[in-house]
Structure formats: structure tokens, C-alpha cells
Amino acid sequence: MKLSLPPSLMERFGALTPRERILVASAGVTAVVVLVVGVILPLDRSVDPAQARIVKKQAYLVWMRQVAPELVGTAPPPAASESLLVVVERSARESGLQSAIAGSEPHGPGALNVRLEKASFDSLIAWLARLSQQNGIRVDNATIDQVGPGVVNAAVLLRSS
């Protein structure tokens, strides 16, 4: 195999002493080795873990898409015999928020405005999630104001599905 280099470069290389030619050739070989070992191989090694992560994430995505339809309609509606007010008050009592309820009033058909004072924020969020998951009651609107560390006042508009 013969290298085809520009004539001026070949003339310069030919004008070098034998010792200089060896030095230039070894520098070229060293540069190629450094390029391969220092740049190309590490890049190639980083591709395999990235591809493995992509495959894993794609498997998660497939699983999530399979499970999503099951989760969308899982919230059962409140029992027909119980009013929204009864369900909300019972759930608040079970969640330890009954003392924080400052008042509630109907807000049209199937909707209830609930005011809470000095309620634990974590308990409030857990209660709202429980209402949604177990009773199919959704939050239409909420205003939450912090009154202390982890303590809030809230006005929540709840609507049955």
C-alpha cells in the first residue's frame, strides 16, 4: 500500500535526514495510537451503557403505556345513596382532618366548597388524593395558604364525577 501525499510534503519528507524521518514517522504512529486509545475507544465504550439505558427506558415506556388505560378509570364514583357532603366529611374524619374543617357549602349540583383552617399540608394532600382514588371526587379549584411550617389554610372546590 502506497500513501498518496501531496508532492510538496513528500519532497519535505525526502529532504529529512534518516534520523528525522524515523522521528517524524514515529510521531505520526504515536499520534494515531493516542487518537485511537484516548478518544475513539472511550467513546465506543460509553455507547454500550447508553444503549442499555435506552433499552431499559423503552421497556418502562411500553409497560407504562400498557398500565395507563387500567389506571385512568379506576376511581369508583361515590355510592349513590351517599351525598357528596357525607362522603367528604367521613373521609376527612378518617384522615384526621375533621377538626380542621371550618365549613362547607354546596356549590351547584355535585359540587362542594370546603374550607380548612390550620390543617397539616401533608394530611390535606393525602386526603384529596384519597377522595379522588377511592370516591372519584376531583378537585376543581384549590387555594392553599401557608400559616406555619407544614400548616395551611385551604379553600377547596370538590366535584363528584
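The exercises below concern the packing of two helices and the salt bridges around them in a predicted model.

**Exercise 1.** Describe how helices H3 and H4 pack, and classify their relative orientation.

Solution.
1. H3 covers residues 84-94 and H4 covers residues 121-135; the angle between them is about 130°, and their axes are 10 Å apart.
2. Angles over 145 degrees count as roughly antiparallel and 65 to 115 as roughly perpendicular, with the rest outside the under-35 parallel class being oblique. H3 and H4 are therefore oblique to each other.
3. Their crossing is right-handed.
4. H3 contributes Val87, Val88, Arg90, Ser91, Ala92 and Glu94 to the contact, and H4 contributes Trp127, Arg130, Leu131 and Asn135.
5. Of the residues in this contact, five are nonpolar, two polar and three charged.

**Exercise 2.** Is serine 91 buried or exposed, and which residues does serine 91 touch beyond its sequence neighbours?

Solution.
1. Serine 91 belongs to helix H3.
2. Its relative accessibility is 3%, so serine 91 counts as buried.
3. Outside the neighbours within four places in sequence, its contacts are Trp127, Arg130 and Leu131.

**Exercise 3.** Trace the salt bridges of glutamate 94.

Solution.
1. Glutamate 94 pairs with arginine 90, with the closest N and O atoms 3.8 Å apart. Both residues lie in H3, four residues apart, about one turn of the helix.
2. Glutamate 94 also forms a salt bridge with arginine 130, at 2.3 Å from N to O. Arginine 130 lies in H4, so this pair ties together parts that are 36 residues apart in sequence.
3. Glutamate 94 is partly exposed at 47% relative accessibility, as are arginine 90 at 24% and arginine 130 at 22%.

Terms used
Residues are numbered from 1 along each chain as its sequence is written. This is a predicted model: local features need pLDDT of at least 70, side-chain atom pairs count only at pLDDT 80 or more; totals for chains, interfaces and linings use all residues. Side-chain values use heavy atoms; hydrogens and water are left out. Axes are lines fitted to C-alpha atoms, for helices over the stretch in contact, and angles run from 0 to 180 degrees between N-to-C directions. Helices (H or I, at least four residues) and strands (E, at least two) are DSSP runs, numbered from the N terminus. A crossing is left-handed if the near helix is turned anticlockwise from the far one by less than a right angle, and right-handed if clockwise. Contact means heavy atoms within 4.5 Å. Ala, Val, Leu, Ile, Met, Phe, Trp, Tyr, Cys and Pro count as nonpolar, Asp, Glu, Lys and Arg as charged, and the others, Gly among them, as polar. Buried means under 20% relative accessible area, exposed over 50%, partly exposed in between (1.4 Å probe, protein chains only). A salt bridge is a side-chain nitrogen of Lys or Arg within 4 Å of a carboxyl oxygen of Asp or Glu.
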